[in-house]
Amino acid sequence: MATKKTDDAFSLSSFDPSKFADSFREFAEKGAAQSKDAYAKMKTAAEEATKTVEATLESAQTGTVELGLKAIDALRTNAENSLSHMEALLGVKSLSELVELQTTFIRKQAELAVEQAKTMQEATKKVAENVAKPGKDAAEKAMSNFKKA
């Protein structure tokens, strides 16, 4: 009965360097492939994030211009109404005419202020939705990709 000695199992003579080199090469190639895949995914994600930020900033800029123009329009309307009212006040002949003119002006200005506030609120809501849309779309895309994986 031939028994194998324990020290033979751990001796250097049982070590085959060619098998070790093949295993190491396979391990290195697999690691390189995984690194390339990870890099490609990271690059794609960074490009998509950049596009999202650019779209968000473009929407914000457009929205800011739109809101600014609406504010200027409201200021112009209010200034014109005030100047017209001042001209009308200069032609007042009686106290009752002054009170009527002033009451009418204040009522019209209050109605106009409510209308302008609604217009600004709607425009602000639209701008906020447009600014949030690229981020929302990107998040939905990421979540759908995450669910697939």
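Which residues make a nonpolar surface patch of about 280 Å²? Keep that question in mind while you look around this predicted model; point 6 comes back to the patch.

1. Let us start with the overall layout. The protein has three helices and zero strands, and reading along the sequence gives the pattern α-α-α. Two of these helices come up again and again below: helix α2, which covers residues 17-90, and helix α3, which covers residues 95-148. Try finding both in the viewer before you read on.

2. Next, look at how the chain sits against itself and the outside. Of the 149 residues, 8% count as buried. The accessible surface comes to about 12500 Å², and carbon and sulfur atoms account for 62% of that area. Among contacts with a separation of 6 or more, 73% are between residues 24 or more positions apart. A good habit is to ask where such distant partners lie, and the next points give some examples.

3. Here is a pair to find first. A search of the whole structure turns up four salt bridges, and one of them joins the side chains of E48 and K141, with N to O at 3.2 Å. This pair links distant parts of the chain, since E48 belongs to helix α2 and K141 to helix α3, 93 residues apart. Is E48 buried or exposed? The answer falls in between: E48 has 33% relative accessibility, so it counts as partly exposed. K141 is partly exposed too, because its relative accessible area is 42%.

4. Two other salt bridges stay inside helix α3. E111 pairs with R107, and their closest N and O atoms are 3.7 Å apart. Why are these two separated by about one helical turn? They are four residues apart in helix α3, which means about one turn lies between them. E111 has a relative accessible area of 45% and is therefore partly exposed; R107, at 44%, is partly exposed as well. The side chains of D137 and K133 also meet in a salt bridge, at 2.9 Å from N to O. D137 and K133 lie in helix α3 as well, four residues apart, or about one turn of the helix. D137 is partly exposed at 35% relative accessibility, and K133 is partly exposed at 46%.

5. Now turn to S59, in helix α2. What does the side chain of S59 reach at 3.4 Å? Its partner is the backbone oxygen of N130. If you leave aside the neighbours within four places in sequence, S59 is in contact with N130 and V131. Select these residues together in the viewer to see the arrangement for yourself.

6. Back to the opening question. The nonpolar surface patch of about 280 Å² is made by V65, L69 and I72. V65 has its place in helix α2. With 48% relative accessibility, V65 counts as partly exposed, because exposed means over 50%.

7. One last pair is worth a look. A142 lies in helix α3 and is partly exposed, with 43% relative accessibility. How far apart are the C-alpha atoms of A142 and A45? They are separated by 9.2 Å, although the two residues are 97 residues apart along the chain. You can set this pair beside E48 and K141, which are 93 residues apart and link distant parts of the chain.

Technical notes:
Residues numbered from 1 in each chain as written. Predicted model: local features only at pLDDT ≥ 70, side-chain atom pairs only at ≥ 80, totals over all residues. Heavy atoms only, no water. Polar contact = N/O pair within 3.5 Å; in protein donor to acceptor, adjacent residues only side chain to side chain. Contact = heavy atoms within 4.5 Å. Buried < 20%, exposed > 50% of the residue type's maximum accessible area, 1.4 Å probe, protein only. Patch = residues over 30% accessible without salt bridge, like charges linked within 9 Å, V, L, I, M, F, W, Y side chains within 5 Å. Areas by Shrake-Rupley, 256 points an atom, 1.4 Å probe, with all protein chains shown as cover.
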